[in-house]
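Dear colleague,

Please find below the structure I agreed to pass on to you. My notes on it follow directly after.

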Amino acid sequence: MAETRTEALHQNAEGLDVQTPEAILAFLANAQIEASKAVHGAIPAIAVAAELIAKQLKSGGKLAYAAAGSSGLMAVADALELPGTFGIARDRIALLIAGGDEAFRTLAGGPEDDTEEAAAAVAAADIGKGDCLIAISASGSTPYAVQALQDARRRGAATIAIANNRGAALFSRADVAILLETPPELIAGSTRMGAGTAQKIALNMLSTLTAIHLGHVHDGYMVNLTADNIKLRDRAVRMVAAISGKSRDDAARLLEESGGVVKTAILLAAGAANADAAEKILEGTGQKLRPALSAIEGSKGR
């Protein structure tokens, strides 16, 4: 295999093991900063990818992640937080990780070469037309990720590839290619470091912009969150109070009336007749709160 950037030696790596602990840590910190800068060049592609994912989710499709090793861990970190943060139903998110559940205990390297497992995972998740699959691989050539993307595309799904090497095999097979051209790792090939950092940032950006397209964010508030613990219930009350201008007590009462749905509570505060009426207004605005508030304000003037 030809050497790629993710396998090359970093310019500061020579003699690393005989440096002082402070110097080593400084090199490591700076390498993370260098890696994070690579995301800026991918902003146009991430914007296109977010629009594609939002389109599929709006139409009732699923969002799937396929990856192995440390890229798989980045995928898990992003995917598992979408339901709680943005209220995306858990059954609309599919995680395809090389090695399956065992990967969370051993993260063995062998499964990343298992193309049969990848094909079986795509079939088991029923990924197909109307869905979107994101394949993530630092090298861009991990057999599991490549096979999953190929099978998803063959079955009619939209596909997005995220990799850290220019000319990656994943890119030629994807609808949208996101290149995160990170520098060589300070520990050559240890892509859990810089490449993984860039992947995590890119996935955060991608899922957040998708949520904005879906109407799950308003003025920096996660207005579609699932408030399933004390902290999040308190956050929901604070959001309703801040956006509506009501007191915390009123916000808590409105949330109770809305069944805990933040956007519905805010529309009740704005003058919606009841929760059902508020939900109908949201349906008419594609679940976006700002135009829903404008619709209520406009109806007052008629």
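E112, D113, D114 and E116 form a negative surface patch. Residues in a patch have over 30% relative accessible area and no salt bridge, with like charges joined within 9 Å; a salt bridge is a side-chain nitrogen of Lys or Arg within 4 Å of a carboxyl oxygen of Asp or Glu. Asp and Glu count as negative, and the place of a charge is taken as CG of Asp or CD of Glu.

This is a predicted model, in which local features need pLDDT of at least 70 and side-chain atom pairs count only at pLDDT 80 or more, while totals for chains, interfaces and linings use all residues. Residues are numbered from 1 along each chain as its sequence is written, and side-chain values use heavy atoms, leaving out hydrogens and water.

Within the patch, D114 is located in the loop between β2 (93-97) and α4 (115-124). Its relative accessible area is 32%, so D114 is partly exposed (buried means under 20%, exposed over 50%, partly exposed in between; 1.4 Å probe, protein chains only).

Strand β4 (residues 158-163) offers another setting: 6 of its 6 residues are buried. A158, I160 and I162 lie on one side, and T159, A161 and A163 on the other. In a regular strand, side chains alternate between the two faces of the sheet. Strand β3 (residues 132-137) runs parallel to β4 and is joined to it by 6 bridges (two strands pair if DSSP finds at least two bridges between them). One of these links pairs I134 with I160 of β4.

Kind regards

Technical notes. Patch = residues over 30% accessible without salt bridge, like charges linked within 9 Å, V, L, I, M, F, W, Y side chains within 5 Å. Areas by Shrake-Rupley, 256 points an atom, 1.4 Å probe, with all protein chains shown as cover. Helix = DSSP H or I, 4+ residues; strand = E, 2+ residues; numbered from the N terminus.
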